[in-house]
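The following exercises are meant to be worked through with the sequence and the 3D structure at hand. Each task is followed by a solution in steps.

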Amino acid sequence: MALLEVKNLTVEFGSEKNPFRAVDSVSYSVERGEVLGIVGESGSGKSVSSLALMGLIDYPGRVTADSLTFDGEDLLRMSARKRRNITGKDIAMIFQDPMSSLNPCYTVETQIMEALKVHEGGNKKQRRERTLDLLNQVGIPDPKSRMKAYPHQLSGGMSQRIVIAMAIACNPRLLVADEPTTALDVTIQAQIIDLLLKLQADSDMALILITHDLALVSEAADRIQVMYAGQLFESGPADGLFAAPRHPYTQALLEALPERSAGHDRLRTIPGVVPGAHDRPTGCLLSPRCRYATDKCVSTQPLVTDYYGRDVRCFYPLDDNGQPTGRNV
Amino acid sequence: MLGFLFRRLGDIVPTFFGVTLLVFFLIRLIPGDPILMMAGERGVDAVRYAQLKAQYGFDQPVIVQYFHYLLGVFQGDLGKSFVTKKPVLEEFMTLFPATVELGVIAILFAIVVGLPLGVIAAVRRGGIFDYTTMTISLAGYSMPIFWWATMLIMFFSVSLGWTPVSGRLSVLYYIEPTTGFMLIDTLLSDQKGAFVDALRHLILPSIALGTIPMAVIARMTRSSMLEVLREDYIRVARAKGLSPAKVVVVHALRNALIPVVTVIGLQVSVLVAGAILTETIFSWPGIGKWIVEAVSRRDYPTIQGGILLIAIMIMMVNLFVDLTYSVINPRIRHTR
Amino acid sequence: MSTQTNPATTPDPDDAAQKELEAILLAKPPSPLAEFWHYFRQNRGALAGLIVVGIVVFLAVFAQVVAPYDPIAQDRSAIQMPPSWEDGGSSQYLLGTDAVGRDMVSRLMYGAQLSVFIGLFVVVISVIFGVTLGLASGYFRGWVEIAIMRVMDIMLSIPSLVLALAIVTILGPNLINAMLAISIVQLPHYVRLTRASVISERNKEYVTASQIAGAGPMRQMFINILPNCAAPLIVQGTLGISNAILDAAALGFLGLGAQPPTPEWGSMLANAREFVGSAWWIVTFPGLCILITVLAFNLMGDGLRDALDPKMKR
């Protein structure tokens, strides 16, 4: 059984009559010790779906799912208290901006020990030792003195390490990292990703790595899930997905990578933007931006289908040569 | 921390001298001869006039007069009241505790009521509680407190007879002032019921005086909380699995309090202005009533000294607030 | 991993809210006034405030016409007559009469006239002087700024009512002097606001460009910079009216503002305490008028702030 099973997760905002679906019937699962990369542009619903997983969607947002099962228990059908016991202990999350993720009023020590106190108990001395241990683990130099530091005294990379220490404090079995490196300097980004992967490997923790950076997940993730406008467009094992994208959007994303633009005068881009609340196309959500779109794509929405072991939401999945199939059928 | 204190003192000192200049020239701006005014209706003969003029230093240049005044101020000599002939500082010190007592209870009332209202309104934003609280607090903010005080008297004292109409203590009791704070003095005395009586006298005036600060605190707390609740670290705290109450109290409120403390500090000025009206209505023997009486009796040394002392008091409170601010906000404590 | 999907439902595009939004997005940018009205209209409190202010202003302008009686005429046969719905009341005097038999309704209407006059007078005076001083200190900086701002700091270190009392002491207690005192007391707020806006504006490109084009300080200050600081000043001005009405009423109540028999709301309450046990209407109505008027101006000010502040728009 998978560690996390998500079936038809939907997150809606706005009025009941005219809802906006930030996440639209997304299903996926995460195995123990697996790294799942979720990729998409801004507004693709990748962050919202992970916030829903953590139970952090507030009114007026509405979260529905056929099931949201963690370790055999449905998160949506348990009491708020019981869910809080899992949140922060078995499932932890780190956010995009480390500088604003730490409460400016409290020391590093206080904030890490807080998570320990809620979930593990123990006495103050044990918690302090564990905190010191954690800071060592995430590679903070001179952890003893850093423990007494306030967030404004730390650099971005240092803050993100603290945030990671906070998240792994209770040995979670699933860590959700939402764009953990976006707000950091390029030189620090690789360090943080290496750290996350090392921690993941050491403790056999599952990791959901949310990013818009395809290059990053290509190296890190076991499996990849491509999202667009709240929908799942393609998912499958990382190697295959990069070698032969089945969805035109994945293909376009890969082509937009700078290193794949070699030999071209300009970097390639995908024209247009992700549709928002008020400009959703009726058919396939990608149709206005897709180079292969047909009349059928414009009028009807494709469903997710299995295509050679890959989940693809397209009428004309691409073949190994990157050409759409079945267009004449 | 010490550097911060000195920097703030550096701001205060020029303002202090400015206020002394202001009150010094205030008296000289009043049309009419100060000696004739002091003499009152009876008038003085030419010899006595010259004598008085020399005695008060009015024959010297204005700059010299100002220095004499300043010298006096530093020695605690703020002149003598025209009416009572007592030193202004002495009168101020006897009446001051009554105003402090009233002001402290009023601000406590304002904080105890305003802070939770603001927090709950922010947590339930957009709901009926939020809407009602904010409407009521805007009404409180718009309140003419001399009328509000009169309405409170009319309803609670006259119609219901629950609270006394005026003063600090019933004539039944006589308390020798030791600290000047009636609540403390009555507790120290062995007269039964005196403390409760003093407390009952405090209820209406402090509600009247605390209404505007309460409204301001509620509104400020709400908007500050709304801002903080949107912060990432609130989401992080929730992701740790903390209970909603803990998230609000431990993580949100602590940060939201920073601007609220500043606002509470600014209320001291509002309180003094309010005390003038409240004390007049409730016949509360404090500095507010004292200043109003001095103005209507044209008791210039009292007005002059009173304004200076009030300004000094407000500067001191603001300094204190700034220091408190640096305690709750670590970012200020560490930067200099 | 298995993935299934429900047929996605697309949101109904014909919804009214969406149309409105599309209209906003597609239409030409609306005129600033229309845009302002669009935001202001959504604030129900501000709208209510505007309506009440409208009524008060109407009463103020037409007090002579709508008031049933002369506000200082005494009817010796109807002293302390209760409102018409109470025992002993008469339909002749809708809200009763005061201690010397003057009609409450007429006095309150004339009081509206005075309050509106006080509010406008104070705001006009303090805006003119405050903005000029603020512009000068923000534009010239240096010792001009230091001198002006020090004086303002000193004024702010004294509670407004205490300072107003002091000024009234010098000038003598009457309504005009009370208004002058309040204007002076309100000055620092306009000076600070203007200065802050000017400092943030004067380094912007358009000012530099204009300077290169040869604009003098006067043109820079009043033609180029001032209009861009207008929004906060309008908001402060609205709130200034309500503060002026409150402070004038407080001075009137203390006997240091409008003098009897002037039907000013505050001075009508000057000896109201005598009547708390006997004639509630004499005590209640003038204060209620102050509260409602000030509340209306404050609601309007809040609405203006939200509608004029681009940062607040979401």
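**Exercise 1.** Leaving aside its neighbours within four places in sequence, which residues is A:Asp90 in contact with?

*Solution.* The model is a predicted one, in which local features need pLDDT of at least 70 and side-chain atom pairs count only at pLDDT 80 or more, while totals for chains, interfaces and linings use all residues. Residues are numbered from 1 along each chain as its sequence is written, and chains are lettered from A and ligands numbered from 1 in the order in which they are written.

Step 1. Two residues are in contact if their C-beta atoms, placed from the backbone, lie within 7 Å. With neighbours within four places in sequence set aside, the contacts of A:Asp90 are A:Phe70, A:Pro172, A:Arg173 and A:Leu174.

Step 2. A:Asp90 belongs to the loop between helix 2 (80–86) and strand 7 of chain A. Helices (H or I, at least four residues) and strands (E, at least two) are DSSP runs, numbered from the N terminus.

Step 3. A residue is buried if 20 or more other C-beta atoms lie within 10 Å of its own, exposed if 12 or fewer, and partly exposed in between, with C-beta atoms placed from the backbone. A:Asp90 is partly exposed, because 18 other C-beta atoms lie within 10 Å.

Step 4. A:Ile168 is 78 residues from A:Asp90 in sequence, and their C-alpha atoms are 9.3 Å apart in space.

**Exercise 2.** How many residues of strand 8 of chain A are buried, and with which strands does strand 8 pair?

*Solution.*

Step 1. Strand 8 of chain A spans residues 174–178, and 5 of its 5 residues are buried, so the strand is largely enclosed by the rest of the structure.

Step 2. A:Leu174, A:Val176 and A:Asp178 point one way from the strand, A:Leu175 and A:Ala177 point the other way, and all are buried. In a regular strand the side chains alternate between the two faces of the sheet.

Step 3. Two strands pair if DSSP finds at least two bridges between them. Strand 7 (residues 91–94) of chain A pairs with strand 8 in the parallel sense over 4 bridges, and A:Ala92 stands opposite A:Leu175.

Step 4. Strand 8 of chain A also pairs in the parallel sense with strand 9 (residues 206–211), over 5 bridges. There the bridge partner of A:Leu174 is A:Ala206.

**Exercise 3.** How do the residues on the side of chain B that touches chain C divide into nonpolar, polar and charged?

*Solution.*

Step 1. The contact involves 38 residues of chain B and 35 residues of chain C.

Step 2. Among the elements of chain B that give two or more residues to this side are helix 1 (2–29), helix 11 (244–282) and helix 13 (300–328).

Step 3. Ala, Val, Leu, Ile, Met, Phe, Trp, Tyr, Cys and Pro count as nonpolar, Asp, Glu, Lys and Arg as charged, and the others, Gly among them, as polar. The side of chain B that touches chain C has 31 nonpolar, 7 polar and no charged residues.

**Exercise 4.** Which domains does the assignment give for chain B, and how many residues of each are in contact with the other?

*Solution.*

Step 1. The bounds, which come from an automatic or database domain assignment, give domain 1 (2–74) and domain 2 (88–335).

Step 2. The C-alpha centres of the two domains of chain B lie 33 Å apart. In chain B, 12 residues of domain 1 are in contact with 10 residues of domain 2. The domain 1 side has 9 nonpolar, 2 polar and 1 charged residues.

**Exercise 5.** Which residues have the most contacts inside the largest nonpolar core?

*Solution.*

Step 1. A nonpolar core is a set of buried Ala, Val, Leu, Ile, Met, Phe, Trp, Tyr and Cys residues joined through C-beta atoms within 7 Å.

Step 2. The largest such core has 268 residues, and A:Ala165, B:Ile291, C:Val162 and C:Ala178 have the most contacts inside it. Helix 11 of chain B gives the largest share, 18 residues.

**Exercise 6.** Where is B:Arg298 found, and what is its phi?

*Solution.*

Step 1. B:Arg298 lies in the loop between helix 12 and helix 13 of chain B.

Step 2. Its phi is positive, about 55 degrees, although B:Arg298 is not a glycine.

Step 3. B:Arg298 counts as partly exposed, because it has 15 C-beta neighbours inside 10 Å.
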